[in-house]
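Please open the structure in the viewer and keep the selection panel at hand. The tour proceeds one selection at a time.

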Amino acid sequence: MAATTMNPTVAKPGGAQQRASRSGGLRRRFFDNVTGWLFLLGATVCFAFFSWYPMVREFIMSFQRTRRGVTTWVGWDNYVRMWNDPSFGQAWRNTLEFTVLALLLAYVLPFFVAILFNEFRHAQGFLRVLVYLPVMLPPASALYLFAYAYFPDNSGIFNYVLHSLHLPTSQWVQSPSMTIPSLVLASTWINIGGSVLIYLAALQNIPGELYEAAELDGAGLFRRIWTVTIPQTRLILSLMFMLQVVATMQLFIEPVILANGDGVEGSAESVVYLMYQHAFNFNDLNGGAALGVMLLVVLAGFSGLYAWLGPNKTKKETRPPWRKRRVSTPPTGP
């Protein structure tokens, strides 16, 4: 009878090494997480003390009244008092008018300037620096240049040019009807550079095959912009729209420098400037806080509406609408 030999069971090598490597991976992951939280700690502390705490404090102060060092809770009295302020309605109308005009000019113009720059094959670096120069200037310095250009007589740059071309001149910020358009023009020139560079980055990420297919289908320039450029940049356009509204609703420095705060007959008074007046000129911090909370609620409502509607728009198919799906049909034989 043949003897059968049993192979001895050999222990799997590396069991201890696997446990050691697993524990080492957990240790590295723990230290990576701790390092990440330490990097975030500085930003979190700055936001807590310089952003979140002032917001919470402003909300609390809007329901209080402080007189001679004594603080009492007054409920909605500050909001009612601000609502009945004679300048309240005018300030909101000026702010909304500035926002609408800024959307028509400062939101649309940079996009088409970016499209124009994107068509150039040479000197793109020079054009980027040229359009970004106003952003590098301090806003106050740039606005003082516009204050000189807005002189109502012919010593102002704009009126001098208009007079040289035999065109009617304007009073600019000295005219109640031209104050808001003048502020929009100055604000657009100061901030156009950043928007153009953001749009340029978005345009350069569009595949060139889409434009080639559009040209083969006979699409002209404006047709390509409408069917390729705008759909492919829908996300950045919607984001810039929200940022534009939030920024323009906080109008402050332009009327302060160009129109002495409120302008002629209150034509330049904004919500933020009215808030500044109550807080620092009238020594009414509680009323200014109430105005700030009102503006915060309006902007938060707009941001919430954007967050609700924005994702639904960006989930649409990115295939250009002129590119219809073609279903191949098998050839029919005899």
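What follows is a sequence of stops, each with something to select and something to look for. The model is a predicted one.

**Stop 1: Phe63**

Select Phe63, which sits in the loop between helix H1 (15–61) and strand S1 (64–67). Is Phe63 buried or exposed? Its relative accessible area is 15%, and residues under 20% count as buried, so Phe63 is buried. Next, add Asp77 to the selection. Phe63 and Asp77 are 14 residues apart along the chain, and their C-alpha atoms are separated by 7.5 Å.

**Stop 2: helix H4**

Select residues 124–136, which form helix H4. How far apart are the end C-alpha atoms of H4? They are 18 Å apart, which agrees with the 18 Å that 13 residues should span at 1.5 Å a residue. Now centre the view on Leu130, where H4 bends by about 25 degrees. A proline, Pro134, follows within four residues of that bend.

Which residues of H4 are buried? They are Gln124, Leu127, Val131 and Pro134. Colour these residues to see how they are placed on the helix. When viewing them, it is useful to recall a general point: an α-helix has 3.6 residues a turn, so residues three or four places apart point the same way. Pro134 thus appears twice at this stop, once as the proline that follows the bend and once among the buried residues.

**Stop 3: the loop between H6 and H7**

Move on to the loop between helix H6 (157–164) and H7, and select His166 there. The phi of His166 is near 60 degrees, a positive value in a residue other than glycine. Then select Trp172, which lies in the loop between H6 and H7 as well. Trp172 also has a positive phi, of about 55 degrees, although it is not a glycine.

Is each of these residues buried or exposed? His166 counts as exposed because its relative accessibility is 75%, and the cut-off for exposed is over 50%. Trp172, by contrast, counts as buried because its relative accessibility is 11%.

**Stop 4: helix H7**

Select residues 179–203, which form helix H7. H7 has 25 residues and reaches 34 Å from its first C-alpha to its last, close to the 36 Å expected at 1.5 Å a residue. Where does H7 bend? The bend is at Asn191 and amounts to about 50 degrees.

**Stop 5: the partners of H7**

Keep H7 visible and add helix H3 (residues 88–119). The two helices pack at an angle of about 40 degrees, with their axes 7 Å apart. H3 and H7 are therefore oblique to each other, and H3 passes H7 in a right-handed crossing. Which classes of residue make up this contact? It has 22 nonpolar, 5 polar and 1 charged residues.

Now exchange H3 for helix H5 (residues 139–149), whose axis comes within 10 Å of that of H7. These axes cross at roughly 135 degrees, and H5 and H7 are therefore oblique to each other. The crossing of H5 and H7 is right-handed.

**Stop 6: helices H8 and H9**

Finally, select helix H8 (residues 208–216) together with helix H9 (residues 221–232). Their axes come within 10 Å and cross at roughly 160 degrees. H8 and H9 are therefore roughly antiparallel to each other, and their crossing is right-handed.

Terms used. Residues numbered from 1 in each chain as written. Predicted model: local features only at pLDDT ≥ 70, side-chain atom pairs only at ≥ 80, totals over all residues. Heavy atoms only, no water. Axes fitted to C-alpha atoms, helices over the stretch in contact; angles between N-to-C directions. Parallel < 35°, antiparallel > 145°, perpendicular 65-115°, else oblique. Left-handed = near helix turned anticlockwise from the far one by under 90°. Nonpolar A, V, L, I, M, F, W, Y, C, P; charged D, E, K, R; others polar. Expected span 1.5 Å × (residues − 1). Bend = angle between axes of the 7 residues up to and from the residue. Buried < 20%, exposed > 50% of the residue type's maximum accessible area, 1.4 Å probe, protein only.
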